[in-house]
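Dear colleague,

I am handing over a structure for you to look at, and my notes on it follow below.

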Amino acid sequence: MTLLPELGTEIVIPVCAVIGIVFSLVQWYIVSRVKVTPDSSSSATKNGKNGYSDYLIEEEEGINDQDVVAKCAEIQNAISEGATSFLFTEYQYVGVFMVAFAILIFLFLGSVEGFSTKSQPCTYEKEKLCKPALATAIFSTASFVLGAVTSVISGFLGMKIATYANARTTLEARKGVGKAFIVAFRSGAVMGFLLAANGLLVLYITINLFKIYYGDDWEGLFEAITGYGLGGSSMALFGRVGGGIYTKAADVGADLVGKVERNIPEDDPRNPAVIADNVGDNVGDIAGMGSDLFGSYAEASCAALVVASISSFGLTHDFTAMCYPLLISSMGILVCLITTLFATDFFEIKAVKEIEPALKNQLIISTVLMTVGIAIVTWTCVPSSFTIFNFGVQKVVKNWQLFLCVCVGLWAGLIIGFVTEYYTSNAYSPVQDVADSCRTGAATNVIFGLALGYKSVIIPIFAIAVSIFVSFSFAAMYGVAVAALGMLSTIATGLAIDAYGPISDNAGGIAEMAGMSPRIRERTDALDAAGNTTAAIGKGFAIGSAALVSLALFGAFVSRAAISTVDVLTPKVFIGLIVGAMLPYWFSAMTMKSVGSAALKMVEEVRRQFNTIPGLMEGLAKPDYATCVKISTDASIKEMIPPGALVMLTPLIVGIFFGVETLSGVLAGSLVSGVQIAISASNTGGAWDNAKKYIEAGASEHARTLGPKGSEPHKAAVIGDTIGDPLKDTSGPSLNILIKLMAVESLVFAPFFATHGGLLFKIWG
């Protein structure tokens, strides 16, 4: 038996989740103490009544402090309103889809047994009776809706916190780079912990509610829970694609006209697309990323639970061991909490060069502590020997083998993070080489950047391959699922350093628009450059975990659809394989083209305003920001539907017309090709962006020979950055959702496909 009794499990999981929520609220409270309303009693604050305003840097010569604060508040309001209104519009459309898809799930799964309410023999143990398919249909639909709602709330809360913190980061930058860093980082932590704790709590409550009906039928219970992962990821898909198109249409439009044609700096208030650009950072990088990682997390948990329910944990009804995936996540929240304190409280950042190491240390500290945490969980919550369902047979597994499965995922995540950092940070030679190639114009920059992206795939793929091999040979598909959970166990820290990026990006934009002194802009730029790298690391994590998650879901699907082996040499499977490998390209083509056409409209609008509004270039007239925001919103809502439909409909069409063997081929193919494109796209884009930042900052002798802003090499770098934008923020990050979503959808609909699928081959047959 396990050391931790069932009652212990029922207490530990919700307590850890609540601790996470409380911690994030405390961080939010600390951030909220930075005021964005101008102080009326400015004479009192000069004496440093709260110990805050005494170290304002007094280089703000002649700029009235009050005006700056008021202006920051005004810009922050505009960004927050833009982001909120976009998300509401998006969620209206997505809500319609959600209802339609929920009905679809109910009809498909209910029809498996012809909507009968009688108990059926279980799928895996024919002699026992399980709840009817109709129950699975009802509960899968409910968990789908729950997952979708949780995903939407995660993204929305993240966006709210980010728009709350951006101006506060700008204002703190007046006191020094360390202060600004802490505000941005704390706000990231708010999002990270809320999301990790919410995902865990909702999943745990759902399992306990479903248990009231299902009783001892754990196989049916956890099959119904898979809908949670499907809901989480389908919302993430629309959030990622819609947000990605929004942010990049604005960014590309603002850059092309502003920087290249008009030669005005980034985020200049004269640029009409500037508010849309800053709104985009929040809806794409924050709301999209939040939903995305929540989806990964929900699916990894679901995949592990499904496999465990038909293994010895489920058969002996060992609740503690069954909840092993949730206990790992609970431990992850506690570990990340300690890790966060290292950045905010134990060490203080004083100089620009300490920012990136501080963020990297977050990853290392959390990984090392988590290794210990996993050991504790494994030894207290899992019996020393147990069996795992492995394609029809039970495989004996020892608890130390399970521990190694989780660790290998955890450490593979760290390796992927560091490789990504090496290829996208301007402190290392790859990005510096790309910057150097700008001497000879944009073409060589593009060639070098693409080569860098392709090269950056090598080590992450080996890391994923090793972790798959180790975890699979130890504990079959359950091993792969918990390896994915290991990679995602430090999700709170991962999200904190990831959300930190867009927050500091926004802070820089606000500093520029509020007309603060260049020295403050330098500080926010330093924060932002570090943020670019951490965003790339976050994407690396998302892609790596997506690969493991979808493999685990694929295994669960193959078991559920009762396919004994997937044979590549049968024509049914091979055609699926080759078509599946094509899907990521089709999907990328759609998203890239959407960004391109939306950016085209944006460029025309920005040019029109510069040409027709008198006094705009001189800064005498205000641009019409609202039109640009509307262009971005309309384009992204319209353009997110085709790529979304491609991903959501493919498994349904393939499963219904071609059957489960072909579908298993499609899943394998899309997994194999999607991971490569996703990693190379996001690293290429990140490298181009940082090569441009490297030239602009002019921090080294080499960088100064390429600069300053406006030089020919700099213009070439801006072009590279603009090409990289849709790669790193639209196509790349959305691909990992494509991989996971098709797998989890196939798993949810597996009972239907297994009984009614493969119409064409039945006719052909």
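A cavity here is a set of points, on a 1 Å grid over the protein atoms alone, where a 1.4 Å probe fits but cannot get out, and lining residues have an atom within 4 Å of a point; grid points are joined across faces, edges and corners, and a volume is the space filled by probe spheres set on the points. This is a predicted model, in which local features need pLDDT of at least 70 and side-chain atom pairs count only at pLDDT 80 or more, while totals for chains, interfaces and linings use all residues. Residues are numbered from 1 along each chain as its sequence is written, and side-chain values use heavy atoms, with hydrogens and water left out.

By that rule there are 11 cavities of 30 Å³ or more, and the largest holds about 370 Å³ of space. Its lining comprises 30 residues, with Asp 285, Asp 505, Asn 532, Asp 689 and Lys 728 nearest the centre. The lining divides into 20 charged, 6 polar and 4 nonpolar residues, where Asp, Glu, Lys and Arg count as charged, Ala, Val, Leu, Ile, Met, Phe, Trp, Tyr, Cys and Pro as nonpolar, and the others, Gly among them, as polar. Helices are DSSP runs (H or I, at least four residues) numbered from the N terminus, and α17 gives the largest share of this lining, 6 residues; among the elements that each supply at least two are α6 (218–261) and α20 (641–697).

Elsewhere, Phe 106 lies in helix α3 and is partly exposed, at 30% relative accessible area (partly exposed lies between buried, under 20%, and exposed, over 50%, with a 1.4 Å probe and protein chains only).

Best regards

Terms used. 1 Å grid on protein atoms, 1.4 Å probe; cavity = no way out; pocket = protein on both sides within 12 Å on 5 of 7 lines; lining within 4 Å.
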